[in-house]
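Dear colleague,

I am handing over the structure we spoke about, and below it you will find my notes on what turned up when I went through it. Please read them with the model open beside you.

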Amino acid sequence: MEGELQALGELTKHDKGRPKPGGLEDLAFGSLSGMMGKFVEYPFDTVKVRLQTSESQVFSGTLDCLRQTFRNEGFGGFYRGLTSPLVGAMAENAIAFYAYNRIQSGIRRVTGTQELTLPQLFLSGGISGSICAFVISPVELVKCKLQVENVQGYGKQQQQQAKVRFTGPVSVVAHLLRSEGIAGLYRGIGPTVARETLGVGFWFGAYEVVCRQILSSRRRSKDDPMPPKDILGPGSIILAGGCAGIAYNLTSYPIDVVKSFIQTSDVRAAGNPQSADAAKAAPSVASTIRTVYARGGIPAFYRGLGITLVRAFPANAAMFMTYEYLSRLSADLRLKGR
């Protein structure tokens with residue numbers, strides 16, 4: 001057993017064993033993992049955004065939001081606007097895994113070491129997150145508008161219900177380009193960059209921490225080398241991936257609330273003539289923080305967090321499972337071809 005662990009440690013140290021995914025594989029596997037995760041999480045995300053951006057009297061809580069959405073829109077209401085974020089999730093995860101692994105390679109070249117420290121891994125994740133933000137910001141803008149628009153008519157008489165302006169992602173994009181130009185697609189970009197930099201840093205960081213703890217527990221002594229991540233089974237990856245999702249949301253959720261509030265300000269004001277003109281320009285981060293705080297103090301920044309954490313564990317477990325096992329399958333096929 002001791003000899004096997006030493007051999008495993010040598011494989012990790014010298015970056016041998018299974019070949020690591022290349023750039024194209026990172027893009028492909030990351031894309032597929034993003035698609036899997038989005039299908040799992042999207043209904044929960046719809047509820048989260050509606051709780052974040054609606055007046056407190058519209059929904060009494062998560063269960064009430066679930067009930068009203070199903071009653072007013074049916075099961076399809078939970079997947080309203082899915083197309084845009086599905087494409088966005090595929091692009092985001094593809095870029096996240098690609099950038100994360102390329103940044104790690106750059107740090108290894110600069111430092112001359114193969115085993116990165118946890119702060120270096122957090123840094124790699126944070127930088128990859130900041131890159132992703134510029135890709136997903138327009139996608140999330142479209143998603144949030146579609147998710148929130150129908151809510152403006154809840155609780156009103158049929159003749160007074162808010163008029164639905166958008167029929168899908170294309171109509172949202174067309175409206176934004178006509179009314180605000182390219183800049184309109186990046187409403188809320190500041191909070192998005194902040195959320196992704198912090199959140200993705202903790203996302204990858206938490207995943208690596210849990211994986212290392214599990215691998216460390218399998219050593220017979222502290223002097224034995226660390227086994228490679230390839231030996232982790234599905235249970236371990238599910239645990240690590242789920243914890244990564246929890247870490248992402250716990251650290252970045254208040255920023256996400258501010259981001260969603262800014263991105264949907266015009267939709268929420270559509271039925272209010274007094275605030276419609278003001279909503280044409282995106283509210284500042286500072287004014288949004290004050291507005292959210294006035295709605296309920298600090299708890300207002302965490303409205304919808306419960307449903308978010310419920311979906312975070314399975315969705316992110318599915319993402320990391322997909323990526324890890326596709327990477328292993330690809331590596332094994334390349335080894336057999338040698």
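**Notes on the model**

At a relative accessibility of 17%, Thr322 counts as buried, because the cut-off for a buried residue is under 20%. This residue has its place in helix α12, and, once residues up to four places away in sequence are set aside, Thr322 touches Leu32, Ser33 and Met36. Please keep in mind throughout that this is a predicted model.

Helix α12 itself deserves a little more description. It covers residues 305–336, and for its 32 residues, at 1.5 Å a residue, one would expect a span of 46 Å; the C-alpha atoms at its ends are indeed 46 Å apart, so expectation and model agree. There is nevertheless a kink of about 30° in α12, located at Ala312, shortly before the proline Pro314.

As for the protein as a whole, it contains 12 helices and 0 strands, so that, read from the N terminus, the order of elements is α-α-α-α-α-α-α-α-α-α-α-α. Of the 338 residues in the protein, 48% are buried. Among the contacts with a separation of 6 or more, 82% are between residues that lie 24 or more positions apart. The protein exposes about 15,700 Å², and carbon and sulfur atoms supply 63% of that area.

Two further residues illustrate opposite settings within helices. Glu196, in helix α7 (residues 189–217), is buried, with a relative accessible area of 0%. Leaving out residues up to four places away in sequence, Glu196 touches Glu92, Gly129, Ser130, Cys132, Ala133, Ile136, Gly201 and Tyr248. Leu239, by contrast, belongs to helix α8 (residues 234–263) and is partly exposed, its relative accessible area being 39%. Apart from neighbours within four places in sequence, Leu239 is in contact with Val210, Ile214 and Phe313. For Val210, the separation from Leu239 is 29 residues in sequence, while their C-alpha atoms are 7.8 Å apart in space.

You may also wish to know about the cysteines. How many disulfides does a search of the whole structure find? The search finds 0. A disulfide is a covalent bond between the sulfur atoms of two cysteines, and the case of Cys243 shows why no such bond is assigned to that residue: the closest cysteine sulfur, in Cys211, is 9.7 Å from the sulfur of Cys243, which is too far for a bond, given that the two sulfur atoms would have to be within 2.5 Å. Cys243 counts as partly exposed, at 27% relative accessibility, whereas Cys144 is buried, with a relative accessible area of 0%.

Finally, a word on confidence. The pLDDT averages 84 over the protein, and 86% of the residues score at least 70. Over residues 1–16, however, the pLDDT is below 50, although this stretch has 24 contacts in the model beyond near neighbours in sequence. Residues 273–279 also have a pLDDT below 50, and beyond near neighbours in sequence that stretch has 6 contacts in the model. Where pLDDT is low, the predicted coordinates should not be read in detail.

With best wishes

Note on methods: Residues numbered from 1 in each chain as written. Predicted model: local features only at pLDDT ≥ 70, side-chain atom pairs only at ≥ 80, totals over all residues. Heavy atoms only, no water. Helix = DSSP H or I, 4+ residues; strand = E, 2+ residues; numbered from the N terminus. Buried < 20%, exposed > 50% of the residue type's maximum accessible area, 1.4 Å probe, protein only. Contact = heavy atoms within 4.5 Å. Areas by Shrake-Rupley, 256 points an atom, 1.4 Å probe, with all protein chains shown as cover. Expected span 1.5 Å × (residues − 1). Bend = angle between axes of the 7 residues up to and from the residue. pLDDT = per-residue confidence, 0-100.
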